[in-house]
Amino acid sequence: MQKGLIQVTDSYERIVHWMLAISCLCLCVTGLGMMFQSFNFLGIIVGGLKNLKLIHNFTGLIFAASLILAIRMWWKEAGVFVFPEDLDWIKTAGGYLWHVDKVPETGKYNPGQKLFFLTVAACGVLMLITGLIMWFPEALPTSLVRWMYPLHALGFVVIFAFFFVHLYLGTIGNPGTVPAMLTGWMDRAVLKKQHPGWLKEMEHNGTLIVSGEEKKTSHHA
Ligand code: HEM
């Protein structure tokens, strides 16, 4: 492996992320296949709409497990806003919407990423609850079950819209980011540009892991 790269995610983090991502996308596709006539052909591929529903429901269980693991893993770093640095970042919109001379430094995840995490967490839980009730409709009065359909559709619209923003920002929008979720090792220069505050934190705490170096390095050690 190339020397001097910095470890930004461990294998557990990457497995949970991809379980969440793959199950979420599978749910989006199979859900669309059931909801719209123009996507019904997806049912034909798996031998009928009933099978599509089975795949959707059981993938929902994988999504549920991934979501719980993801919330446990990320809530501290991506679920809590830290003031004043997060507010400073929000005031400049992270430099994404207008010219900013210097984007304020934040911790591991910036407020935009935190917003995405919180959206996935909140809408994910909404999808789970509404989905389970639709799966077992006898459990509740019909007048209540009826509400689950628009709520499930609403959660989908929000997650699906945010997904495209996440996909863009996690790939071509921020070149050099993809390795964070593929190998876990990132280029120092990219990290310095995208997460300068976090890099300093790791250097300060002596938790920086650099490829090709025997042990954790610390500029303060
Ligand atoms: C399939 C395409 C996807 C790609 C290429 C991708 C890429 C990435 C990358 C590169 C990061 C790390 C960002 C950084 O720290 O700089 C990340 C984080 C994350 N991803 Fe994904 N991702 C994908 C799909 C998804 C999906 C479908 C979900 C949720 C349903 C998701 C949820 C998250 C969350 C919650 C984080 C943690 C922090 C955050 O950015 O909010 N990802 N992803």
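Ala93 sits in the loop between helix 4 and helix 5, and its phi is near 50 degrees, a positive value in a residue other than glycine. The model in which this backbone feature appears is a predicted one. Beyond the loops, the briefing turns to the iron atom of the ligand, whose protein donors are His17 and His166, to the residues around the ligand, and to the aromatic pairs, which number 7.

**Loops and backbone**

- Ala93, the residue with the positive phi, has a relative accessible area of 16% and is therefore buried, since that value is under 20%.
- The peptide bond that runs from Phe83 to Pro84 is cis, with omega near 5 degrees, and Pro84 belongs to the loop between helix 3 and helix 4, the latter covering residues 85-91.
- Thr9 lies in the loop between strand 1 (6-7) and helix 1, where a relative accessible area of 4% makes Thr9 buried.
- The side chain of Thr9 comes to 2.6 Å from the backbone oxygen of Ala180.

**The iron atom of the ligand**

- The protein supplies two donors to the iron atom of the ligand, namely NE2 of His17 and NE2 of His166, which lie 2.0 Å from the iron atom.
- These two histidines come from distant parts of the chain, with His17 in helix 1 and His166 in helix 6, 149 residues apart.
- The arrangement around the iron atom is octahedral because its 6 donor atoms subtend angles of 88 to 178 degrees.
- For six octahedral donors, the ideal angles at a metal are 90 or 180 degrees.
- The two histidines fall into separate accessibility classes: His17 counts as buried at 13% relative accessibility, whereas His166, with a relative accessible area of 34%, is partly exposed.

**The shell around the ligand**

- The ligand is surrounded by 20 residues, of which His17, Gln113, His166, Thr177 and Met181 are the closest.
- An N or O atom in the side chain of His17 is 2.8 Å from a nitrogen atom of the ligand, and a polar side-chain atom of His166 likewise lies 2.8 Å from a ligand nitrogen atom.
- Gln113 makes its approach through the backbone, where an N or O atom lies 2.6 Å from an oxygen atom of the ligand.
- Two or more residues of the shell come from each of helix 1 (11-35), helix 5 (111-135) and helix 6 (142-169), and helix 1 gives the most, with 6 residues.
- Sorted by class, the shell holds 13 nonpolar and 7 polar residues, and no charged residues.

**Aromatic pairs**

- The model contains 7 aromatic pairs, and one of them is formed by Phe58 and Trp135, whose ring centres are 5.4 Å apart and whose planes stand at 85 degrees, so the pair is edge-to-face.
- This pair links distant parts of the chain, because Phe58 belongs to helix 3 (residues 49-78) and Trp135 to helix 5, with their positions 77 residues apart.
- Both partners are partly exposed, Phe58 at 45% relative accessibility and Trp135 with a relative accessible area of 25%.
- Phe156, Phe160, Phe163 and Phe164 together form one aromatic cluster.

Terms used
Residues are numbered from 1 along each chain as its sequence is written. This is a predicted model: local features need pLDDT of at least 70, side-chain atom pairs count only at pLDDT 80 or more; totals for chains, interfaces and linings use all residues. Side-chain values use heavy atoms; hydrogens and water are left out. A residue is near a molecule or strand if one of its heavy atoms lies within 4 Å of it. A polar contact is a pair of N or O atoms within 3.5 Å; within protein, one must be able to donate a hydrogen and the other to accept it, and residues adjacent in sequence count only if both atoms are side-chain atoms. Helices (H or I, at least four residues) and strands (E, at least two) are DSSP runs, numbered from the N terminus. Ala, Val, Leu, Ile, Met, Phe, Trp, Tyr, Cys and Pro count as nonpolar, Asp, Glu, Lys and Arg as charged, and the others, Gly among them, as polar. Rings of Phe, Tyr and Trp (its six-membered ring) pair if their centres lie within 6.5 Å; planes under 30 degrees apart count as stacked, over 60 as edge-to-face and the rest as tilted. Buried means under 20% relative accessible area, exposed over 50%, partly exposed in between (1.4 Å probe, protein chains only). Donors are N, O and S atoms within 2.8 Å of the metal (3.2 Å for Na, K and Ca); water is not among the atoms, so sites may look incomplete. Four donors count as tetrahedral if all angles lie between 85 and 135 degrees; four count as square planar and six as octahedral if opposite donors are over 155 degrees apart and all others between 65 and 115; anything else is irregular.
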